[in-house]
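Visitor: I'm new to this one. Could you walk me through it and tell me how each label is earned?
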Amino acid sequence: MCKACDYTIHGRQHHFGWDNSLEPALRVAPGSTIEFECRDSSAGQLTPESTVESVATLDFSKINPVSGPIFVEGAEPGDALKVTIEGFKPSGFGWTANIPGFGLLADQFTEPALTLWSYDPTSLEPAAFGAHGRVPLKPFAGTIGNALAEPGHHSVVPPRRVGGNLDIRDLAAGTELYLPVEVAGALFSVGDTHAAQGDGEVCGTAIESPMNAVLTLDLVKGAKLAMPRFTTPGPVTRHLDAKGYEVTTGVGPDLMTGARQAVADMVELLAGRYNMNPVDAYMLVSTCGDLRISEIVDMPNWVVSFYFPRVVFE
């Protein structure tokens, strides 16, 4: 895949959490291109042979492994690490799960559930969901970031000011991501690769899929970023607009409550219309539906909308 790569980070070179005392897996000069072998967010605990019982027995100490860390020569606190996302080499296998206690509607979906995906890693044709649904694919890395300045081990689960578990689907091929540097060398890592995800990743998982990522790491000296930012190479709709959308809303004074209402109503709509198990609808919308803040100025109520692309079923 990567004929011009300077280095390869193998899947065994991974860690579970941010810690600026970790020994770098590699030291590189700015401008280096690296191919990362990324494990899925279960660290291989879920496979094509897994059943729903496998979800109930997940070892959460092994969730969200990230490959690295990479020490970038000359990186200092106050700089930005520029990450150019050159591309991905998907595996063809993925999974989506409802994990009890996790997700936007965790109180409504309390039992484990699992969907296994098989897709063409070359053509990236839409992946089948049940007998009638097909989800368009867009590979990206859900977790991508630098080490924190604070010493000690920090969970990889929440997103942070230096990146981490951002789960932004537009961190795809061609995007340039800028991450604040807080420690010498930046200590960059990447993982949690997805074949597809909707904005919000509402059930807590997307199409979780092991794959290789090719990234170029460079420096912007003295950038003094407070938070990550990125630039996309073009449109980001993934061509899901052709058949339009079904849209549900949540209206009220709390954005989280509004988000929950909009998603719950979409789950109910799809489950009723397509005779689906509600938890299957919940997992499906996590892979391809988008939460949007539609209005946030007309106090005391705000509007959250959830867009589900009709192309999945038509």
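Guide: Happy to. Keep in mind that this is a predicted model. Let's begin with the side chains of Asp79 and Lys221, which meet in a salt bridge.

Visitor: What makes Asp79 and Lys221 a salt bridge?

Guide: The N to O distance is 2.7 Å. The cut-off is within 4 Å, for a nitrogen of Lys or Arg and a carboxyl oxygen of Asp or Glu, so the pair qualifies. Asp79 sits in the loop between β5 and β6, while Lys221 is in the loop between β17 and β18, 142 residues apart.

Visitor: Why is Asp79 called buried?

Guide: Its relative accessibility is 5%, and buried means under 20%, so Asp79 fits.

Visitor: And why does Lys221 count as partly exposed?

Guide: Lys221 comes in at 47%. That falls between the 20% and 50% cut-offs, so partly exposed is the right label. Lys221 also meets Glu76 in a salt bridge, at 3.3 Å from N to O.

Visitor: How do you know that Glu246 and Arg310 form a salt bridge?

Guide: Their N to O distance is 2.4 Å, and the limit is within 4 Å, so they pass. Glu246 lies in strand β19 and Arg310 in the segment after β21, so the pair ties together parts that are 64 residues apart in sequence.

Visitor: Is Glu246 buried or exposed, and why?

Guide: Buried: Glu246 has a relative accessible area of 16%, and the label needs under 20%, so it applies. Arg310, at 27%, counts as partly exposed because that value lies between 20% and 50%.

Visitor: How many salt bridges does the structure hold?

Guide: There are 13 salt bridges.

Notes: Residues numbered from 1 in each chain as written. Predicted model: local features only at pLDDT ≥ 70, side-chain atom pairs only at ≥ 80, totals over all residues. Heavy atoms only, no water. Buried < 20%, exposed > 50% of the residue type's maximum accessible area, 1.4 Å probe, protein only. Helix = DSSP H or I, 4+ residues; strand = E, 2+ residues; numbered from the N terminus.
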